[in-house]
Amino acid sequence: MKGTRIFFALLAVALLSVHWSESYHLRAIRRWQDRISKDATWEQVDSTHWRCVLGNGEEHQMVLRRVHTCTFGGCIRPDSPKETTAGQEYLVYGAHLDGKTGAILELRVLEYASTYGYQLTAKWWLNQFSQWTGTAKEIQAVDGISGATVSVNAFVQDLHALVLEHHNYRRDQ
């Protein structure tokens with residue numbers, strides 16, 4: 001009987017933390033959008049992508065993404081089955097993009113659920129991606145973090161994919 005109560009208590013905590021995490025990310029994105037412009041109307045393209053056009057014609061996009069990072073015991077490949085990545089450590093970040101050029105204007109790590117490499121969340125490290133467009137030269141110039149090489153590489157690869165997706169999206173319009 002005692003084991004059943006403990007199980008349901010842990011289940012409730014897990015369910016509440018998942019709900020809290022989602023709403024936390026959305027609230028953080030909305031506050032960030034308000035800081036860009038209180039007068040802009042943000043259109044939600046899908047569950048993790050927003051865009052707006054300011055009165056002066058500037059286009060902005062906001063994207064919410066999740067990247068798997070590594071644990072002390074090693075890494076799981078990005079193409080692994082979902083069951084394998086269920087307990088994997090990760091980070092959730094938001095990216096503010098220039099809607100016309102696709103350049104990254106600002107990055108924020110909204111959640112960091114990893115044991116190592118917490119330096120990825122530091123503003124001084126994230127600032128190197130300001131006006132970043134994912135060129136080969138920019139990718140080579142990214143400062144690494146000792147002990148978090150694979151996590152940094154996964155993050156940079158995801159940023160590069162994000163910029164490429166933006167360019168493909170603009171081309172389709």
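User: In which loop is Q131 found?

Analyst: The model shown here is predicted. Helix α3 covers residues 123-126 and helix α4 covers residues 136-140. Q131 is found in the loop between α3 and α4.

User: What is the phi of Q131, which is not a glycine?

Analyst: Most residues other than glycine have a negative phi. Q131 departs from this pattern, because its phi is positive although the residue is not a glycine. The value for Q131 is about 65 degrees.

User: In which order do the helices and strands of the protein chain run from the N terminus on?

Analyst: The protein chain holds five helices and five strands. Read from the N terminus on, the order of these elements is α-β-β-β-α-β-β-α-α-α.

User: How much of the protein chain counts as buried?

Analyst: The accessible surface of the protein chain comes to about 10900 Å², and 56% of this surface belongs to carbon and sulfur atoms. The chain has 173 residues, and the part of them that counts as buried is 36%.

User: How many of the nine residues of strand β4 are buried?

Analyst: A residue counts as buried when its relative accessible area is under 20%. Strand β4 spans residues 90-98 and is mostly covered. Of its nine residues, the number that are buried is eight.

User: How many bridges join strand β3 to β4?

Analyst: Strand β3 is made up of residues 59-68 and runs antiparallel to β4. One of the bridges sets M62 opposite H96 in β4. The number of bridges that join β3 to β4 is nine.

User: Which residue in β5 is the bridge partner of G94?

Analyst: Strand β5 covers residues 104-113, and eight bridges join β4 to this strand in an antiparallel arrangement. β4 and β5 form a hairpin with five residues between them, and G102 in the turn has a positive phi of about 85 degrees. The bridge partner of G94 in β5 is R108.

User: Over the face of which residue does R66 lie?

Analyst: The distance is taken from R66 to the centre of a ring, and it is 3.5 Å. The ring that R66 lies over belongs to Y90.

User: Is S37 buried or exposed?

Analyst: S37 is found in the loop between α1 (2-36) and β1 (43-46). The side chain of S37 reaches the backbone nitrogen of A40 at 3.3 Å. The relative accessible area of S37 is 16%, and the cut-off for a buried residue is under 20%. S37 is therefore buried.

User: Which residues does Q33 touch, not counting residues up to four places away in sequence?

Analyst: Q33 is found in helix α1. Its relative accessibility is 6%, so Q33 counts as buried. With residues up to four places away in sequence left out, Q33 touches W42, W50 and M62.

User: At what angle between the planes do F129 and W132 form an aromatic pair?

Analyst: The structure holds five aromatic pairs. One of these is formed by F129 and W132, with 5.4 Å centre to centre. F129 counts as buried at 1% relative accessibility, and W132 counts as buried at 3%. The pair is edge-to-face, and the angle between the planes is 80 degrees.

User: How many residues apart in sequence are the parts that the pair of F129 and F155 ties together?

Analyst: The rings of F129 and F155 have their centres 6.0 Å apart and their planes at 85 degrees, so the pair is edge-to-face. F129 is buried, and F155 is buried as well. F129 lies in the loop between α3 and α4, whereas F155 lies in helix α5 (residues 149-172), so the parts tied together are apart in sequence by 26 residues.

User: Which residues form one aromatic cluster?

Analyst: F129 forms an aromatic pair with W132, and F129 also pairs with F155. The cluster includes these three residues together with Y93 and W125. In full, its members are Y93, W125, F129, W132 and F155.

User: Which backbone nitrogen lies 2.8 Å from a polar atom of the side chain of E138?

Analyst: E138 is found in helix α4 and counts as partly exposed, because its relative accessibility is 22%. Not counting residues up to four places away in sequence, E138 touches Q131, W132 and T133. The side chain of E138 reaches the backbone nitrogen of T135 at 3.0 Å. The backbone nitrogen that lies at 2.8 Å belongs to G134.

Notes. Residues numbered from 1 in each chain as written. Predicted model: local features only at pLDDT ≥ 70, side-chain atom pairs only at ≥ 80, totals over all residues. Heavy atoms only, no water. Helix = DSSP H or I, 4+ residues; strand = E, 2+ residues; numbered from the N terminus. Buried < 20%, exposed > 50% of the residue type's maximum accessible area, 1.4 Å probe, protein only. Areas by Shrake-Rupley, 256 points an atom, 1.4 Å probe, with all protein chains shown as cover. Pairing = 2+ DSSP bridges. Polar contact = N/O pair within 3.5 Å; in protein donor to acceptor, adjacent residues only side chain to side chain. Contact = heavy atoms within 4.5 Å. Phe/Tyr/Trp six-rings, centres within 6.5 Å; stacked < 30°, edge-to-face > 60°. Lys NZ or Arg CZ within 6 Å of the ring centre and 35° of its normal.
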